[in-house]
Amino acid sequence: MTRLRVTEHIVVNIHRRSLCDNCVVRDCISLHGTRVFDCPGFKPYFEVFIQCRNCGEYYSPYTVLSFPDLGLCLKCNGLLMGDSHYYK
Ligand SMILES: [Zn+2]
């Protein structure tokens, strides 16, 4: 679990194992027990957007759950790992 500071007074806990650990949807049978990093039905407890410390773009930290750095957007995490190497 990662504690992510959103504003000066707001901190959210983000589980990095799977999107399902951060999702309010119950009885989602299709994805149960697997590590999920992309789901059309995903609904987080708190909708948060943070600013990438590299490029300044705003993004949802849930889109980069499987990447090494939650403080960087999808593009900058991809650059960190080499352009074509995205892992999940
Ligand atoms: Zn960025």
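**Note on the predicted model**

1. Confidence. The chain averages a pLDDT of 85, and 89% of the residues score at least 70. Keep in mind that this is a predicted model. Among the elements, S1 has the lowest mean pLDDT, at 85. Strand S4 (residues 58-59) has the highest, at 95. As a general caution, where pLDDT is low, the predicted coordinates should not be read in detail.

2. Overall layout. The chain holds one helix and four strands. From the N terminus, the order is β-β-β-β-α. Of the 88 residues, 15% are buried. Take the contacts with a separation of 6 or more: 20% of them link residues 24 or more positions apart.

3. The N-terminal hairpin. Strand S1 covers residues 2-5 and strand S2 covers residues 11-14. The two run antiparallel and are joined by four bridges. Five residues lie between them in the hairpin. Within this pairing, Arg3 stands opposite Asn13 of S2.

4. The core. Which residues make up the largest nonpolar core? There are ten: Leu19, Val36, Ile50, Tyr59, Val64, Leu65, Phe67, Leu72, Cys73 and Cys76. The general background is that in soluble globular proteins, nonpolar side chains tend to be buried together.

5. Leu72. This core member deserves its own look. Set aside its neighbours within four places in sequence, and Leu72 is in contact with Cys52, Arg53, Asn54, Val64, Asn77 and Leu80. One of these partners, Val64, also belongs to the largest nonpolar core.

6. Gly78 and the helix. Gly78 sits in helix H1, which spans residues 74-80. Is Gly78 exposed or partly exposed? Gly78 counts as partly exposed because it has 16 C-beta neighbours inside 10 Å; a buried residue would need 20 or more, an exposed one 12 or fewer. Gly78 and Phe67 are eleven residues apart along the chain, and their C-alpha atoms are separated by 8.2 Å. Phe67 itself is one of the core residues.

7. Asp27. Check the backbone here. Asp27 is not a glycine, yet it has a positive phi of about 60 degrees. For context, most residues other than glycine have a negative phi. Where is Asp27 placed? Asp27 lies in the loop between S2 and strand S3 (50-51). With 5 C-beta neighbours inside 10 Å, Asp27 counts as exposed, since the cut-off for that class is 12 or fewer.

Key
Residues are numbered from 1 along each chain as its sequence is written. This is a predicted model: local features need pLDDT of at least 70, side-chain atom pairs count only at pLDDT 80 or more; totals for chains, interfaces and linings use all residues. A nonpolar core is a set of buried Ala, Val, Leu, Ile, Met, Phe, Trp, Tyr and Cys residues joined through C-beta atoms within 7 Å. Two residues are in contact if their C-beta atoms, placed from the backbone, lie within 7 Å. Two strands pair if DSSP finds at least two bridges between them. pLDDT is the predictor's confidence in each residue, from 0 to 100.
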